[in-house]
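Please work through the exercises below with the sequence and the model side by side, trying each task before reading its solution.

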Amino acid sequence: MLTTIAQPLSWYVDKIRSGEQFTSLLYGDGEFLVAMRSVTGRRMAHSELVTKTMEDEMLASFDSTDADLIRATDLHLIDWESYKGTDWEDIKAHSLQVHAMLQGKALNFYDGVVWEDAVRHGNLAPFLQEIKRREEGIVLVGNPRLRSLKFLKPQLKLFLEIPEQNAYSAIDNLETKLKRFGRPGIYLICAGLTTIPLIMRLRKSIPNSTFLDLGSTFDVFVRLETRGWRRELYTKVEEYQRIINSN
């Protein structure tokens, strides 16, 4: 049985404030499609090549029953009946496929859209302030342009670039470097389809740490090319600056 739980971003912030170590994963439609083995050999966003190994790792991420592992998604991908958009038939079809893939598993899925909503409306500041208070420091893995983020310093102890195309091809190298670093901290991973497999490789081998799949949360700060509201926001100079300042 798949259960949906809607928690605000403040729920994550409270966990960090209390010193709790946990892992949060974000599943979009791409992650689910990979786990379903329905896009084998295809190139996804950022030319990510879907391999059998990627599929195996994505599917295995549903096996853990650890209490500190949080799985988040757009809850409509689990509960299609609550969706009111005009493309509800597509959402329903995808949701039914997810249920079929996870049949027999008892899993909770939390609202993963809270990250997107927070940055879109300029409400990310409480999260950023809290992670900067943690003495262990921050590790960031993501697009090379994220290196320029100033608001994580001086707590940013390590930044690792991912290839801008087909990041999964570098996952072994990323894993090796992060395990070699190996220090407790808050690990922020923004690596597309590579994120969940990478976090699942690391979470047991780097103890006393929190691993957060942040998806595209930081993209707007460096104006990474994207679709939807970000692309529109980039054309509005004053509104863009207001959102950046608010966050």
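The exercises that follow treat two pockets and one helix pair in this predicted model.

**Exercise 1.** Describe the largest pocket by its volume, its lining and the elements that contribute to the lining.

*Solution.* Begin with the volume, which is about 1,900 Å³ for the largest pocket. Next, turn to the lining, which is made up of 48 residues, with D29, G215, S216, T226 and R227 lying nearest the centre. The elements that give two or more residues to this lining are β2 (23-27), α2 (29-35), α5 (113-120) and α9 (228-234), and the largest share, five residues, comes from α5. Finally, sort the lining by class, which gives 19 nonpolar, 14 polar and 15 charged residues.

**Exercise 2.** Describe the second largest pocket in the same steps.

*Solution.* The volume of the second largest pocket is about 210 Å³. Its lining has 13 residues, of which D66, A67, L69, R71 and N108 are the closest to the centre, and two or more residues each are given by α1 (9-17), β3 (69-73) and β4 (107-111). By class, this lining holds seven nonpolar, three polar and three charged residues.

**Exercise 3.** At what angle do helices α7 and α8 pack, and which residues make the contact?

*Solution.* First locate α7 at residues 171-181 and α8 at residues 195-202, whose axes lie 10 Å apart at an angle of about 35°; the crossing is right-handed. Then list the contact, to which α7 brings I171, D172, L174, E175, L178 and K179, while α8 brings P197, L198, R201 and L202. Sorted by class, the contact residues comprise six nonpolar, no polar and four charged.

Note on methods: Residues are numbered from 1 along each chain as its sequence is written. This is a predicted model: local features need pLDDT of at least 70, side-chain atom pairs count only at pLDDT 80 or more; totals for chains, interfaces and linings use all residues. Side-chain values use heavy atoms; hydrogens and water are left out. On a 1 Å grid over the protein atoms alone, a cavity is a set of points where a 1.4 Å probe fits but cannot get out, and a pocket is an open set with protein on both sides within 12 Å along at least five of seven lines; lining residues have an atom within 4 Å of a point. Grid points are joined across faces, edges and corners, and a volume is the space filled by probe spheres set on the points. Helices (H or I, at least four residues) and strands (E, at least two) are DSSP runs, numbered from the N terminus. Ala, Val, Leu, Ile, Met, Phe, Trp, Tyr, Cys and Pro count as nonpolar, Asp, Glu, Lys and Arg as charged, and the others, Gly among them, as polar. Axes are lines fitted to C-alpha atoms, for helices over the stretch in contact, and angles run from 0 to 180 degrees between N-to-C directions. A crossing is left-handed if the near helix is turned anticlockwise from the far one by less than a right angle, and right-handed if clockwise. Contact means heavy atoms within 4.5 Å.
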